[in-house]
Amino acid sequence: MADIQSTQAAAPAIIRRADYRVPDWLIPDIALDFDLDAARTRVWSDMSVARNGDHDRPLRLDGDGLVPLAVKVDGRTLNETEWTLEAGALVVPLGGATHKVEVLVELAPESNSKLMGLYASGGLLCTQCEAEGFRRITFFPDRPDILSRYSVKLTADKARYPILLANGDPVEQGDLEGGRHWALWNDPFPKPCYLFALVAGDLACNADRFVTMSGREVALGIWVREADLPRTDHAMQALKNSMAWDERVYGREYDLDVFNIVAVADFNFGAMENKGLNIFNSRYILADPETATDIDYDGVEGVVAHEYFHNWSGNRVTCRDWFQLSLKEGFTVFRDQNFSADMGSHAVKRIEDVRILRAAQFQEDSGPLAHPVRPESYMEISNFYTATIYNKGAELIRMMALMLGAERFRAGTDLYFDRHDGEAATCEDFVRAMEEGGEIDLGQFRRWYEQAGTPHVRALLSHDPVSRTAELLLEQSVPPTPGQPDKRPMAIPLRVALYDPATGSHHGDELLMLTEAQQRFTFDNFASLPILSINRGFSAPVIVETNRSQADLAFLSAHDDDPFARYEAMQQLMVNVLVGQVAGQSVDVSAVVDAVRNTITDPLLDPAFVAEAVRLPSEAYLGDQMKQVDPDAIHAARDALQTRLGADLEPLWRDIHARTKANGFAVSPAAKGARKLRNVALLYLVASGADDGPAIAYGQFSDADNMTERQSALATLASGTSPEREAALDIFYNRYSDDALTLDKWFQTQAFAFHPDTVELVAELGQHKAFTLNNPNRVRSLYGAFAGNQWAFHHKSGKGYRLVADCIIALDKLNPQTAARLVPPLGRWKRFDEGRAALMRAELQRILNEPGLSKDVTEQASKSLE
Ligand code: 0A1
Ligand code: ZN
């Protein structure tokens, strides 16, 4: 008994939204003095503290792994009986209304493998504070509703750390004896501590400038290792475009005199919007044709924009508590999505975003980790940086924008920014600003923030020849999710058009508001049953089931004037065939072949759209359409359809592949579209089984002047067993073994490959000399990619599960945040057969049995077992 107790840690505490209380103490000002060194950094903090309200509670400063070396109140050093440490926090009883409190701590950045707080990465020292990393730097009330003015002094060895950066504007700098130097930074805007940042290191700068709409000049800097400087131009252009876009579209101007971005190699997420000093995972800054794909270029543009846009949606108006995370993240994703659409193609961007939503968020919403956009509770907030908070959150904003229309939506956002500037706000504040600014009632709409789960909408269209009317019956239901067995009807905005088969055109695009469990809508003047185009533009994040025939879908795939609906019709056509085949039905494949032929031979279509439309739905998406996922049958059916499309249309693919070869490299939307289509053509050409397929792929791999075509050719070869496969992988490795970001692609491509031995190959790659658990990008490239490869990960032996669980257990000791993000694929056991489900559960249990397991992984694994 005693043994069991000693190995089982207490269950982590649950934090609840309902428990929110205003802070006991405010910190209007803080001065931080860092004496920086990788092995031993001293942090002196000097805070003005002010009692908030009438109470006698002590000052409680959060801390994580810190020991106070000195504590002073109003200039007097306290002895050790005058403060206590409670669960890591420093508790100091104080008598007055305001005090000056000083604390000294010491840190060891080079041994901080969690990458939270102050840590070392490739010779740099940098910070990550969101969500609760500031408490690993100094004692402080680490909650986003405490806004303080920061003044930060950095001192360090000048040769090793010639550049010293912090938030805000630079004030002064100077040299010291012993080869040391210092810099002082001041941020005039009160901010929550999660936006604090510093960077020290040997960095080179891509310097530029931006003149704001009121004529102020802002100095822009992108700081990287000297050798990476040539790879920063795309990020700089994206930054300037973002600044101009936010002025034009939202009337939001930048507010400091400098805006700095630093790229670091070791980073848990994509990037961080620290005030005036964004810190990025280098994969979202560095891009050149030799090493970055078009997806990477778009990622850089989108993430640079995202972090920049946070300056208003997140920094100037921040979150009251972490349950409001989607207030800043959902809105900012919506903003970056629209920015990227404006920079390229709206149609293609929408298709890409919906694909991501379905792959990540719909899966989350239908599994054990489902939670509302505004959650009610958590154990570890880092686990809530999810597709639901980000991507579904963005869909909520999009629906409001659609219901309000552009002008009233802008009135709503203006009101929101004006009313809450300098405040820590809530999702409710945002909705209220939309209601008042946009003059609309969002009463029922608020359920989108409360209820988890993806709504299902059944749409049945019928026709009455006597009255010449069409009737659309809509029924909605929201499936039960953890803690929410019963759901109420949602307010669902559905864009709909009815195509008249006689004329081939529709009678106008309408916005229907579905608010009841069941609702009927009638449409006049139809001589015969029209064809339903529904959820156009993906106007609501729902799953729509219709009674449309394959012929209707074929019609829409050729004629729908809404590009998303046209794409969707094509995908549904393919889904019906593939799901039918997996279920053992005999289905007519020719409708798909014809639709693909029509699409690739339509000269009026944008090649990027064509490429999206003719790609087969992913294996995971097909799994989502089935009651129980059968990974092997799905793989076999999809592979067979790919082969059939390849073979039946082989001359067309050959022609497209030859014709889309560019003369020189460009990153324009047109050039990117051509490459996208070229890569799809190559895929089908190889899938066709044509003898020269692998040689053509190898030719593209060797001749390409850009990574988009090279990696795509490599991926196509990696999914086969031709001799060209090994040759290309070796060449790729040797060419890029010194370039971490590009080497990640080598790992990722193999982990994603449809190869019979992928599990064994991934196991070997985990032992490769270039593999390390210390770099999150490398871990995600191998194990993250592998867990997304449905066919390989769900190998019925369970060896794929074991591999990922082993990684989670090992990684948890170093970096719990990144380890926890690998858990969700194991939690989908309810969707699989009993054998697989048992194996997945066993791995989750094995993880939970690990002594000393982090709160992060404990939360994800225990919820996944429920
Ligand atoms: N706010 C950032 C995301 C982010 C969250 C936590 C982090 O800690 C490891 C890092 C970044 C964004 O939305 O970009
Ligand atoms: Zn964000």
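**Exercise 1. Place F754 in the fold and decide whether F754 is buried, partly exposed or exposed.**

Solution. F754 is found in the loop between helices α21 and α22 (758-766), where helices (H or I, at least four residues) and strands (E, at least two) are DSSP runs numbered from the N terminus. The next step is to count neighbours: a residue is buried if 20 or more other C-beta atoms, placed from the backbone, lie within 10 Å of its own, exposed if 12 or fewer, and partly exposed in between. Because F754 has 18 C-beta neighbours inside 10 Å, F754 counts as partly exposed. For its contacts, two residues are taken to touch if their C-beta atoms, placed from the backbone, lie within 7 Å. Leaving aside neighbours within four places in sequence, F754 is in contact with H635, S719 and W791. V300, by contrast, is 454 residues from F754 along the chain, and the two C-alpha atoms are separated by 28 Å.

The structure is a predicted model, in which local features need pLDDT of at least 70 and side-chain atom pairs count only at pLDDT 80 or more, while totals for chains, interfaces and linings use all residues. Residues are numbered from 1 along each chain as its sequence is written, and chains are lettered from A and ligands numbered from 1 in the order in which they are written.

**Exercise 2. Describe the surroundings of T318 and of K191.**

Solution. Begin with T318, which belongs to strand β22 (residues 318-319). T318 counts as buried because 24 C-beta neighbours lie inside 10 Å. Not counting residues up to four places away in sequence, T318 touches P144, P192, K328 and A424. G422 is 104 residues from T318 along the chain, yet their C-alpha atoms are separated by 7.7 Å.

Now turn to K191, which lies in strand β15 (residues 180-191). With 24 other C-beta atoms within 10 Å, K191 is buried, and beyond four places in sequence K191 touches L147, S148, Y150, K275 and N315. K191 and K72 are 119 residues apart in sequence, and from C-alpha to C-alpha they are 24 Å apart.

**Exercise 3. Check the length of helix α19 and find what covers the buried residues of α19.**

Solution. The expected span of a helix is 1.5 Å times one less than its number of residues. Helix α19 (residues 707-718) has 12 residues and should therefore span 16 Å, which agrees with the 16 Å between its end C-alpha atoms. As for burial, 12 of the 12 residues of α19 are buried, and the helix is mostly covered. The elements that cover these buried residues include α3 (294-309), α17 (669-687), α18 (693-703), α20 (723-736) and α21 (740-752).

Helix α13 (residues 607-614) can be treated in a similar way: eight of its eight residues are buried, and these pack against α5 (346-365), α11 (563-582), α12 (590-600) and α17.

**Exercise 4. Which residues come nearest to ligand 1, and what classes make up the shell?**

Solution. A residue is near a molecule if its C-beta atom, placed from the backbone, lies within 6 Å of it. Of the 13 residues around ligand 1, Q128, E130, N268, F269 and M272 come nearest. The elements that give two or more residues to this shell are β20 (271-272) and α3. Sorted by class, the shell has four nonpolar, five polar and four charged residues; here Ala, Val, Leu, Ile, Met, Phe, Trp, Tyr, Cys and Pro count as nonpolar, Asp, Glu, Lys and Arg as charged, and the others, Gly among them, as polar.

**Exercise 5. Locate the backbone features at E130, N535 and F538.**

Solution. Most residues other than glycine have a negative phi, and most peptide bonds are trans. E130 and A131, however, are joined by a cis peptide bond with an omega of about -5 degrees, and A131 sits in the loop between β11 (124-128) and β12 (148-157).

N535, although not a glycine, has a positive phi of about 55 degrees, and N535 is placed in the loop between β31 (531-534) and β32 (543-546). N535 is buried, since 24 C-beta neighbours lie inside 10 Å. F538 lies in the loop between β31 and β32 and has a positive phi of about 50 degrees, again without being a glycine. With 22 other C-beta atoms within 10 Å, F538 is buried.
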